[in-house]
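Please look through the model below before reading on. The paragraphs that follow lead from a single loop residue to the packing of the helices and then to the chain as a whole.

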Amino acid sequence: MAHETSAPADQPPGMTRPPALRRVLESTRYLAAIGSVIALVVCAATFAWAGGKAVQFFAAVTSRTGPGEDALVYLFESIDTILAGVVLLQVGLGLWELCVGDLALPESLATHTFDELEAKVAGTLVLVLVVRFLEELVQDPAPQQLLATGIAVTLVGGLLVLFMRWRR
């Protein structure tokens, strides 16, 4: 016969304390906190990297030769990097909310299900792909390269959009 202990003050009478293994298993959800914190640290580094690209953009705009296509490339690279940081932010905060506990976040960052997190990440990745294509376009690539990039962006972006719609 299993040994039962008295119920803690926060449990209704008649309920027993969970066995040690159950408490250990329930505590493993905090392992997701490691992934969450890593994503948020990498997010901060990515935003700093975007700041460096923004400085390059301002330097190109204010150069003596005047803004050229380099300035647009730096601008799109900065936007692209910021969007990558947003993906990491969504993953970090989403993992925390899904596995560890609720946070006081605006609804645009709040995550209630894994499907919702996947859809947010996929939607932001579509924006990243579009900005990457604009980067390529501004650099005046060879027509074959532009066509190949356009096809790749369309296929991957289309698959992400289908994935988002199918999951809902």
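A residue is called exposed here when its relative accessible area is over 50%, and buried when that area is under 20%. In this predicted model, Asp140 has a relative accessible area of 63%, and it therefore counts as exposed. Asp140 is found in the loop between helix H4 and helix H5, the latter covering residues 143-167. Its backbone also deserves attention, for Asp140 has a positive phi of about 55° although it is not a glycine. As a general background to that value, most residues other than glycine have a negative phi.

From this loop one can step back to the overall arrangement. The secondary structure of the chain consists of five helices and zero strands, and read from the N terminus the order of elements is α-α-α-α-α.

How, then, do the helices pack against one another? Helix H2, made of residues 31-61, and helix H3, made of residues 69-100, pack at an angle of about 165°, and their axes are 8 Å apart. Because angles over 145 degrees are classed as roughly antiparallel, H2 and H3 are described as roughly antiparallel to each other. The residues that form the contact of H2 with H3 comprise 27 nonpolar, eight polar and three charged ones. As for its handedness, the crossing in which H2 passes H3 is left-handed.

Helix H3 also packs against helix H4, which spans residues 114-138; here the angle is about 170° and the axes lie 9 Å apart. By the same cut-off of 145 degrees, H3 and H4 are therefore roughly antiparallel to each other as well. In the contact of H3 with H4, 21 residues are nonpolar, three are polar and six are charged.

Two acidic residues give a closer view of these two helices. Asp80 has its place in helix H3, while Glu135 lies in helix H4. Is each of them buried or exposed? Asp80 has a relative accessibility of 6%, and because this is under 20% it counts as buried; Glu135, with a relative accessible area of 5%, is buried too. When neighbours within four places in sequence are left aside, Asp80 is in contact with Val128, Val131, Arg132 and Glu135. With sequence neighbours excluded in the same way, the contacts of Glu135 are Phe76, Glu77 and Asp80, so that the pair Asp80 and Glu135 appears in both lists.

A further residue of helix H4, Val126, leads toward a later part of the chain. Val126 has 19% relative accessibility, and it counts as buried because the limit is 20%. Leaving aside neighbours within four places in sequence, Val126 is in contact with Gly157, Leu160 and Val161. The C-alpha atom of Val126 is separated by 8.5 Å from that of Val153, a residue 27 positions away along the chain.

The closing view is of the chain as a whole. Of its 168 residues, 29% count as buried, and the chain exposes about 11,000 Å², of which carbon and sulfur atoms supply 68%. Among the contacts in the chain with a separation of 6 or more, 60% come from residues 24 or more positions apart.

Methods:
Residues numbered from 1 in each chain as written. Predicted model: local features only at pLDDT ≥ 70, side-chain atom pairs only at ≥ 80, totals over all residues. Heavy atoms only, no water. Axes fitted to C-alpha atoms, helices over the stretch in contact; angles between N-to-C directions. Helix = DSSP H or I, 4+ residues; strand = E, 2+ residues; numbered from the N terminus. Parallel < 35°, antiparallel > 145°, perpendicular 65-115°, else oblique. Left-handed = near helix turned anticlockwise from the far one by under 90°. Nonpolar A, V, L, I, M, F, W, Y, C, P; charged D, E, K, R; others polar. Buried < 20%, exposed > 50% of the residue type's maximum accessible area, 1.4 Å probe, protein only. Contact = heavy atoms within 4.5 Å. Areas by Shrake-Rupley, 256 points an atom, 1.4 Å probe, with all protein chains shown as cover.
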